[in-house]
Amino acid sequence: MRRTLNLYANPSLWGLALLRYLRSWWYMVHLGAVALVMALSPSTYNRANRLAAARHIYASTWQVLPGFSLASALISLVIIRIVLVTAKSYGLSHFALEMVVRVLVLELIPLSAAMFVALRASMAFDASALGLARAGLSPQAANDEALRRLRRDMVPQLLANSVAVTSLAMVTSTIVLVLAYLNVYGLLPWGITDYTRTVGRVFSPTVTIGFVLKTVFFGLAVALIPTAAILELQRYPRRVHSTVQPGALRLLFVLLVIEAASLALKYI
């Protein structure tokens with residue numbers, strides 16, 4: 001708190017703070033590029049890393065998939081009913097299904113999946129468990145420890161969180177599409193033609209590619225940003241002064257930027 005007040009009271013420190021802020025973003029981008037190169041390198045996937053990636057994927061995806069899908073289905077069912085009833089009251093029933101697909105499937109579900117994975121896997125920050133609070137750790141030793149953890153943990157966690165966001169979003173989107181059909185047409189099969197025509201009109205090739213890319217970018221952001229912030233604290237241990245997950249606000253900002261960019265490209 002005192003450091004923040006000193007920064008506001010001394011304009012001469014603003015340039016230094018800006019440089020530190022830009023350096024932090026550059027470190028995150030550089031680390032992400034290194035992690036992606038390592039993830040695409042066949043030499044990374046030795047037996048130990050494959051087992052670690054499988055464990056992370058199981059813990060971050062398979063264990064939470066039933067619960068997340070059920071909760072999302074219940075919430076989506078309520079939203080679908082609200083949209084259908086409201087559209088019917090205004091005589092806009094023929095727009096209700098398209099609105100449900102655009103709002104829920106294209107926008108809310110990928111964002112909620114990314115936030116859920118971030119909250120579950122990254123927001124519970126424990127500095128001591130990561131070795132950041134070790135007394136007497138020299139800067140060089142801290143840097144070596146960061147590199148070791150990058151090779152051992154970064155790539156499996158990046159893959160696991162990316163797979164988690166993508167899997168949760170895709171599975172829940174499929175469930176919501178089924179629920180939307182049942183709420184509009186019931187169990188009758190003759191609504192399939194109109195339904196597929198409406199969904200196909202929404203999922204044009206451009207929108208589909210954008211939906212997939214947005215989901216992948218959400219997964220990369222969730223996997224990379226908190227880990228990059230933690231590894232940066234390895235290099236600058238004096239900044240460890242809170243039990244709040246490092247990079248939480250930055251992650252939220254990046255997710256909102258990705259969502260805003262997706263909306264702008266589709267509707268502007």
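A nonpolar core is a set of buried Ala, Val, Leu, Ile, Met, Phe, Trp, Tyr and Cys residues joined through side-chain atoms within 4.5 Å, where buried means under 20% relative accessible area, exposed means over 50%, and partly exposed lies in between, with a 1.4 Å probe and protein chains only. The model is predicted, so that local features need pLDDT of at least 70 and side-chain atom pairs count only at pLDDT 80 or more, whereas totals for chains, interfaces and linings use all residues. Residues are numbered from 1 along each chain as its sequence is written, and side-chain values use heavy atoms, with hydrogens and water left out.

**Exercise 1. State how many helices and strands the protein chain has, and what share of its residues is buried.**

Helices here are DSSP runs of H or I with at least four residues, strands are runs of E with at least two, and both are numbered from the N terminus. On that basis the protein chain has nine helices and zero strands, which read along the sequence as α-α-α-α-α-α-α-α-α. Turning to burial, 39% of the 268 residues count as buried.

**Exercise 2. Describe the largest nonpolar core and say which element gives the most to it.**

This core has 29 residues, and those with the most contacts inside it are L168, V222 and L251. The elements that give two or more residues to it are α2 (14–40), α4, α5 (93–121), α6 (139–185), α8 (205–235) and α9 (248–267). Of these, α8 gives the most, with seven residues. A second, separate core of 22 residues includes L104, V105, Y181 and V207.

**Exercise 3. Compare the end-to-end spans of α4 and α9 with the expected values.**

The expected span of a helix is 1.5 Å times one less than its number of residues. Helix α4 (residues 65–89) has 25 residues and should therefore span 36 Å, and its end C-alpha atoms are indeed 36 Å apart. Among its buried residues are L65, F68, I80 and L84, and the helix is followed by G91, whose phi is positive, near 70°. Helix α9, with 20 residues, reaches 29 Å from its first C-alpha to its last, close to the 28 Å expected; its buried residues include R250 and E259 as well as L251 and I258.

**Exercise 4. Decide whether T61 and F211 are buried or exposed, and list what each one touches.**

T61 lies in helix α3 (residues 47–62), and because its relative accessible area is 7%, T61 is buried. Contact means heavy atoms within 4.5 Å; leaving aside neighbours within four places in sequence, T61 is in contact with A160, V163, A164 and S167.

F211 is found in helix α8, and F211 counts as buried because its relative accessibility is 7%. Not counting residues up to four places away in sequence, F211 touches V105, L106, P110, M170, S173 and F203. With L106, the C-alpha atoms are 6.5 Å apart in space although the two residues are 105 apart in sequence.

**Exercise 5. Find the nonpolar surface patch and place V216 in it.**

Such patches are made of residues with over 30% relative accessible area and no salt bridge, with nonpolar side chains (Val, Leu, Ile, Met, Phe, Trp, Tyr) joined within 5 Å and like charges within 9 Å; a salt bridge is a side-chain nitrogen of Lys or Arg within 4 Å of a carboxyl oxygen of Asp or Glu. Accessible areas come from the Shrake-Rupley method with a 1.4 Å probe, and for residues only the protein chains shown count as cover. The patch is formed by I209, V212, L213, V216 and F217, with about 420 Å² of accessible area together. V216 is in helix α8, and with a relative accessible area of 34% V216 is partly exposed.
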